[in-house]
Amino acid sequence: MTFFEAPLVAWVGLALLGAWLATDDTSLAQTWFSQPLPAAVLAGLVLGDPGGALLPGLLLQLVVIGNLPVGASFRLDEPGATVGIVGGSLLAGWNLPAGPVALASWTGTAAQSLGWLLVLTVAASLVGGWVVHGERQRRLGWMLDGYRSVRDGDLGRLERLHRRCLLVTLLRGGLLTLIWVLAAAGLGELGGPARLARPLREALGLLPIMVPMLAVGSLAERFGPRRAWPLVLAGAGVAFLVAWFGV
């Protein structure tokens with residue numbers, strides 16, 4: 001089955017998930033389901049394969065572990081890129097490794113597939129981040145209108161402006177997710193990393209084992225070495241127990 005033959009409910013489900021997580025990122029409840037690990041597992045759940053999305057989501061979470069969704073600074077678009085790329089890869093029929101503690105998941109073609117997903121998701125997240133930046137710039141004018149509404153006592157107009165902002169975020173999240181689904185699924189149908197030259201495939205296969213070291217460096221930079229190491233060791237211990245007893 002090609003990704004074009006996937007049921008409509010799969011496409012709609014991924015688009016709705018991307019739209020919801022886009023608002024959850026900063027606009028609504030901020031449950032942190034928009035972080036890469038839960039977002040990837042939710043995308044897999046929509047497509048009936050949460051296990052296949054677990055390891056890609058875990059690696060993506062480690063990549064952005066120091067990039068917190070706070071403030072109005074330039075950020076990555078993690079939810080749309082994660083749901084779109086992981087969902088598109090699953091729609092294309094990729095057999096993603098589901099065992100984080102299995103050696104086979106970190107070597108050979110499995111590692112190359114994971115490296116390919118990491119590159120695609122980071123690229124999509126960077127592009128989506130610029131879209132988010134443009135959306136926030138556009139909101140500045142609406143924010144001034146909101147201030148004037150408060151000054152004039154027109155709370156109804158303020159509520160309409162708020163709903164407009166949420167609607168734009170929903171549409172942006174859903175549309176970007178579908179774009180990345182199409183991109184990932186289309187590249188998967190064309191062969192993905194298997195079409196690349198051997199040196200490039202081998203380089204992709206090294207990326208997954210480099211990600212944990214990247215996460216340690218990111219935590220050390222943000223919190224300082226003395227405060228970071230307890231976090232790193234505690235996180236590694238919890239991850240080992242979850243992987244050993246849960247997976």
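User: Let's start with one residue. Is Leu126 buried, partly exposed or exposed?

Analyst: One thing up front: this is a predicted model. To place a residue, you look at its relative accessible area: under 20% is buried, over 50% is exposed, and partly exposed is in between. Leu126 has 39% relative accessibility, so it counts as partly exposed. You'll find Leu126 in helix α5.

User: How far apart are Leu126 and Leu76, in sequence and in space?

Analyst: Along the chain they are 50 residues apart, yet their C-alpha atoms sit 5.4 Å from each other. Here's another pair to look up: Leu171 and Gly18 are 153 residues apart along the chain, with 9.3 Å between their C-alpha atoms. Leu171 belongs to helix α6, and with a relative accessible area of 49% it is partly exposed.

User: What share of the contacts comes from residues 24 or more positions apart?

Analyst: If you take the contacts with a separation of 6 or more, such pairs account for 75% of them.

User: Okay, zooming out. How many helices and strands does the protein have?

Analyst: Eight helices and zero strands. Reading from the N terminus, that gives α-α-α-α-α-α-α-α. As for the surface, the protein exposes about 13100 Å², and carbon and sulfur atoms supply 71% of that. Of its 247 residues, 43% are buried.

User: How do I check the length of a helix, and what span should α4 have?

Analyst: Count the residues, work out the span at 1.5 Å a residue, then compare it with the distance between the end C-alpha atoms. For α4, 14 residues should span 20 Å, and the ends are 19 Å apart, which agrees. Try α3 (residues 50–63) as well: its 14 residues reach 20 Å from the first C-alpha to the last, close to the 20 Å expected.

User: And how many residues of α4 are buried?

Analyst: 14 of the 14, so α4 is largely enclosed by the rest of the structure. In α3, the buried residues include Leu55, Leu59, Leu60 and Gln61. Just after α4, look for Gly93, which takes a positive phi of about 90°.

User: What about positive phi in a residue that isn't glycine? Which phi does Trp32 have?

Analyst: The general idea is that most residues other than glycine have a negative phi. Trp32 has a positive phi of about 75°, although it is not a glycine. You'll see Trp32 in the loop between α1 and α2, where it is partly exposed with a relative accessible area of 43%.

User: Which side chain has a polar atom 3.4 Å from the backbone nitrogen of Trp32?

Analyst: That's the side chain of Asp24. Asp24 sits in helix α1, and at 2% relative accessibility it counts as buried. Setting aside neighbours within four places in sequence, Asp24 is in contact with Ala29, Gln30, Thr31, Trp32, Phe33 and Ser34.

User: Let me follow Ser34. Where is it, and which residues does it contact?

Analyst: Ser34 is in the loop between α1 and α2, and it is buried, with a relative accessible area of 2%. Leaving out neighbours within four places in sequence, its contacts are Leu21, Asp24, Asp25, Ala39 and Pro79.

User: Now the rings. How many aromatic pairs does a search of the whole structure find?

Analyst: Just one. A pair like that is described by the distance of the ring centres and the angle of the planes. Here the rings belong to Trp20 and Phe33; their centres are 6.0 Å apart and their planes are at 40°, so the pair is tilted. Trp20 lies in helix α1 and Phe33 in the loop between α1 and α2, so the pair ties together parts that are 13 residues apart in sequence. Trp20 counts as partly exposed at 37% relative accessibility, and Phe33 does too at 39%.

User: Last one: which residues have the most contacts inside the largest nonpolar core?

Analyst: They are Ile85, Trp94, Trp116, Ala124 and Trp180, in a core of 13 residues. Helices α4, α5 and α6 each supply at least two residues of this core. To explore it yourself, click on Trp94: beyond residues up to four places away in sequence, it touches Ser89, Ser113, Trp116, Leu117, Gly188, Gly192 and Pro193.

Notes
Residues numbered from 1 in each chain as written. Predicted model: local features only at pLDDT ≥ 70, side-chain atom pairs only at ≥ 80, totals over all residues. Heavy atoms only, no water. Phe/Tyr/Trp six-rings, centres within 6.5 Å; stacked < 30°, edge-to-face > 60°. Helix = DSSP H or I, 4+ residues; strand = E, 2+ residues; numbered from the N terminus. Buried < 20%, exposed > 50% of the residue type's maximum accessible area, 1.4 Å probe, protein only. Core = buried A, V, L, I, M, F, W, Y, C linked by side-chain atoms within 4.5 Å. Contact = heavy atoms within 4.5 Å. Expected span 1.5 Å × (residues − 1). Polar contact = N/O pair within 3.5 Å; in protein donor to acceptor, adjacent residues only side chain to side chain. Areas by Shrake-Rupley, 256 points an atom, 1.4 Å probe, with all protein chains shown as cover.
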